[in-house]
Amino acid sequence: MIKTIAPLAALAVLCTASGEPAQTNSTSALKKPAAASSDLFADLVIARGKGFEIKRSQLDEDVIRAKSQLSASRRPVTSEESALLEQQILDQLINVQLLLSRATDADKAAGKAAAEKRFADVKTRLGSDEALKRQLTLMGATQDEVLQKWTEALTAEAALKRALKINITDADARKYYDENPAKFEMPEMVRASHILLTTRDPATGMELSEDRKAAKYKQMQDLLKRARAGEDFATLAKEYSEDPGSKEKGGEYKFPRGQMVPEFEAAAFSLKTNQVSDIVTTSYGYHIIKLSEKIPAQKVDFAKAESDIKDGLTAQAMQKQFPTYIKEVRKEAGVEILDEKLKMKETPETAELPGGASPLAPATKPVSK
């Protein structure tokens, strides 16, 4: 079951949760509903409360974006999950509107600044304007729409944080760091680049014919010769690699053991610095890998971890207090959901923080390593 709404993490990482190269398939199903549909059907109000209303088109747009993200990460949505997804997104849209109505000018400024910083961070991680544009197209969104959604969600989060009087101190962060040493142990990692020639049809996910695989293998042999002859590996990756998650960054990934498919991981960790591998075959296709750096296991310094710890502890405190608080706010605003199918039982398990208020909202940072 889908427990939380997927944020636009897909915009930040073009690979699967396990770190394996992802394949994208931008189809008409991922696009926004055609504007002409509003000429044929009434855009019904499906929820309302004091000072706001939410229409069917708003919900449909965010549901399509959420499903697009799940589709891009190879996560099909069942009919049962689809119904729950609609309920969750509507619930979160309502919560954001309620919190925005209570936002101060300072909350709005904080939300805007946080959204702009988050967007800049995403752009940096993607590696280029072109990669960003591609992912926005895949998600059926524009840059302005993303910034607007993130600004609303982060403004709502700022208003909530202020209302709940949450203040995580330096001492709180230090206490967590000292009491959870294992969480800040970084395993051995490698920084490596690869070129992928996929052996699957990007549109269907089906295996290519043996003839087409053979042609790909021959092409990879030629690329291997060029790489070992001294041609710039990053340039070759940008031109030839079929991994959309890394090609704009010259094929580069940084990862510990246990994130990549076994064949890829074994090859990468066995290489010497600046060595180029033989052709490696995985379920994704044919790879050649170049090792840039081996990073030994180490403990993250408190100074580097402090900000993430505070964000995570803040999120935990907000999550604990949020269900009771939002229940009172909704009651005060006289919230009504007008479509019986969209009514969702409000429980501490299902209530969502505003940072997950829509498919375009950035996720609240967890306490991380």
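Let's start with Glu61, which is partly exposed, because its relative accessibility is 26% and a residue has to be under 20% to count as buried or over 50% to count as exposed. Keep in mind as we go that this is a predicted model. You'll find Glu61 in helix α3, which covers residues 56-72. Its side chain makes a polar contact with the side chain of Arg65, at 3.1 Å. Now look across to Gly140: along the chain, Glu61 and Gly140 are 79 residues apart, yet their C-alpha atoms are separated by 9.3 Å.

Gly140 is a good stepping stone, since it comes just after helix α6 and takes a positive phi of about 70°. So let's turn to α6 itself. Which residues of helix α6, residues 129-139, are buried? They are Ala131, Leu132, Gln135, Leu136, Leu138 and Met139. If you look down the axis of α6, these buried residues fall within an arc of 160°, so they line one face of the helix. What does the face turned away from the buried side of α6 carry? There you'll see the exposed residues Lys133 and Thr137. Here's a rule worth remembering: an α-helix has 3.6 residues a turn, so residues three or four places apart point the same way.

With that in mind, try helix α8, residues 170-179. Its buried residues include Ala173, Tyr176 and Tyr177. Those three cover an arc of only 100° around the axis, which puts them on the same side of α8. On the face turned away from that buried side, α8 carries the exposed residues Ala171 and Glu179. And what covers the buried residues of α8? Part of the cover comes from β8, residues 298-299, and from α12, residues 302-333.

Now for the sheets. One of them is open and has 4 strands, in the order β5-β4-β7-β6, with antiparallel pairing. Where do β5 and β6 stand? At the edges, each with a single partner strand, so one side of each has no neighbour in the sheet. From one strand to the next, the twist averages 45°. If you zoom in on β4, residues 189-198, you'll see that this strand pairs with β5 over 5 bridges, in the antiparallel sense. Arg191, for instance, has Lys254 in β5 as its bridge partner. Helix α10 packs on this sheet, where α10 touches β4 and β7, the latter being residues 285-295. The direction of α10 makes about 40° with that of β4.

Follow the chain on from α10, residues 233-240, towards β5, residues 252-256, and in the loop between them you'll meet Ser241. Is Ser241 buried or exposed? Ser241 is buried: its relative accessible area is 2%, and the cut-off for buried is under 20%, so the label follows from the number. Leaving aside neighbours within four places in sequence, Ser241 is in contact with His194, Ile195, Leu196, Leu236 and Lys247. With Leu196 there is something extra to point out: the side chain of Ser241 reaches the backbone nitrogen of Leu196 at 3.2 Å.

There is another open sheet to find. This one has 3 strands in the order β2-β1-β9, and the pairing is antiparallel. Its edge strands are β2, residues 52-55, and β9, residues 336-337, and each of them pairs on one side only. How many bridges join β1, residues 45-49, to β2? There are 4, and the two strands run antiparallel. In that pair, Arg48 stands opposite Glu53 in β2. Helix α4, residues 79-100, packs on the sheet, touching β1, β2 and β9, and its direction makes about 155° with that of β2.

Let's step back to the whole chain. The secondary structure comes to 12 helices and 9 strands. Buried residues make up 46% of the 369 residues. Among contacts with a separation of 6 or more, 78% are between residues 24 or more positions apart.

Last, a word on confidence. The chain averages a pLDDT of 82, and 80% of the residues score at least 70. Over residues 1-39, though, the pLDDT is below 50, and this stretch has 110 contacts in the model beyond near neighbours in sequence. Residues 356-369 also have a pLDDT below 50, and that stretch has 66 such contacts. Thanks for listening!

Methods. Residues are numbered from 1 along each chain as its sequence is written. Side-chain values use heavy atoms; hydrogens and water are left out. Two strands pair if DSSP finds at least two bridges between them. Contact means heavy atoms within 4.5 Å. Axes are lines fitted to C-alpha atoms, for helices over the stretch in contact, and angles run from 0 to 180 degrees between N-to-C directions. Buried means under 20% relative accessible area, exposed over 50%, partly exposed in between (1.4 Å probe, protein chains only). The arc is that of the directions from the helix axis to the C-beta atoms. A polar contact is a pair of N or O atoms within 3.5 Å; within protein, one must be able to donate a hydrogen and the other to accept it, and residues adjacent in sequence count only if both atoms are side-chain atoms. pLDDT is the predictor's confidence in each residue, from 0 to 100.
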